[in-house]
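User: I'd like a close look at one part of this model, and then at how that part fits with the rest of it. Please keep it connected and spell out the cut-offs as you go.

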Amino acid sequence: MAAVSIGTNPTFSGRERRVEAYVLDFDGDLYGERLALDFVAHLREMRTYQGIDPLVTQINQDVADTRQLLS
């Protein structure tokens, strides 16, 4: 299970579209590895936050919402 972000990271003025997957309950290094993703639901639109703290709060909520949705 994973919470996935697809977008440009507007809080940090990103311009390049990226796919970032936060794999739930996994402690390891997957950089450079290939993963397959099956999308189940769309949680929310991309937003710009006024700093790292509100962004981290939202990410934590997204992870909680993902756990609930996939349980």
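## Around methionine 46

Analyst: With a relative accessible area of 39%, methionine 46 is partly exposed. On the scale used here, buried means under 20% relative accessible area, exposed means over 50%, and partly exposed is what lies in between (1.4 Å probe, protein chains only). Before going further, please note that this is a predicted model, in which local features need pLDDT of at least 70 and side-chain atom pairs count only at pLDDT 80 or more, while totals for chains, interfaces and linings use all residues. Residues are numbered from 1 along each chain as its sequence is written, and side-chain values use heavy atoms, with hydrogens and water left out.

Methionine 46 sits in the loop between β2 and α1. Helices (H or I, at least four residues) and strands (E, at least two) are DSSP runs, numbered from the N terminus. The protein chain has two strands and one helix, and from the N terminus on they follow the order β-β-α.

What does methionine 46 touch, leaving aside neighbours within four places in sequence? Its contacts (heavy atoms within 4.5 Å) are Ser5, Ile6, Gly7, Thr8, Asn9 and Pro10. A further partner for a distance check is threonine 11: methionine 46 and threonine 11 are 35 residues apart in sequence, with 9.7 Å from C-alpha to C-alpha.

Two of those contacts deserve their own look. Isoleucine 6 belongs to strand β1 and counts as partly exposed, because its relative accessibility is 38%. Not counting residues up to four places away in sequence, isoleucine 6 touches Met46 as well as Arg17, Arg18, Val19 and Phe39. Leucine 37 lies 31 residues from isoleucine 6 in sequence, and the two C-alpha atoms are 12 Å apart.

Asparagine 9 is the other one, placed in the loop between β1 and β2. Its phi is near 60 degrees, a positive value in a residue other than glycine. At 33% relative accessibility, asparagine 9 is counted as partly exposed. Aspartate 25 also has phi near 60 degrees, again positive in a residue other than glycine. Aspartate 25 is found in the loop between β2 and α1, and its relative accessible area of 66% is why it counts as exposed.

From isoleucine 6 the trail leads to valine 19, which is in strand β2. Valine 19 counts as exposed at 53% relative accessibility. Beyond its neighbours within four places in sequence, valine 19 is in contact with Val4, Ser5, Ile6 and Leu37. Asparagine 60 is 41 residues from valine 19 in sequence and 18 Å away in space, C-alpha to C-alpha.

The helix brings in two buried residues. Threonine 66 lies in α1 and is buried, because its relative accessibility is 6%. Aside from neighbours within four places in sequence, threonine 66 contacts Ala2, Ala3, Leu24 and Leu43. Glutamine 58 is in α1 too, and a relative accessible area of 16% makes it buried. With the same exclusion of neighbours within four places, glutamine 58 contacts Arg44, Arg47 and Tyr49.

Now for the chain as a whole. Buried residues make up 14% of the 71 residues in the protein chain, and the C-alpha trace spans about 30 × 30 × 20 Å along its principal axes. Of the contacts between residues at least 6 apart in sequence, 45% join residues at least 24 apart. The chain exposes about 6,100 Å², with carbon and sulfur atoms supplying 48% of that area.

Finally, the largest pocket holds about 1,700 Å³ of space. Of the 49 residues that line this pocket, the closest to its centre are Ala3, Val4, Ser5, Glu20 and Ala21. On a 1 Å grid over the protein atoms alone, a pocket is an open set of points where a 1.4 Å probe fits, with protein on both sides within 12 Å along at least five of seven lines, and lining residues have an atom within 4 Å of a point. Strands β1 (2–7) and β2 (18–23) and helix α1 (52–70) each supply at least two residues of the lining. The most comes from α1, with nine residues.

Notes. Areas by Shrake-Rupley, 256 points an atom, 1.4 Å probe, with all protein chains shown as cover. Points joined across faces, edges and corners; volume = space filled by probe spheres on them.
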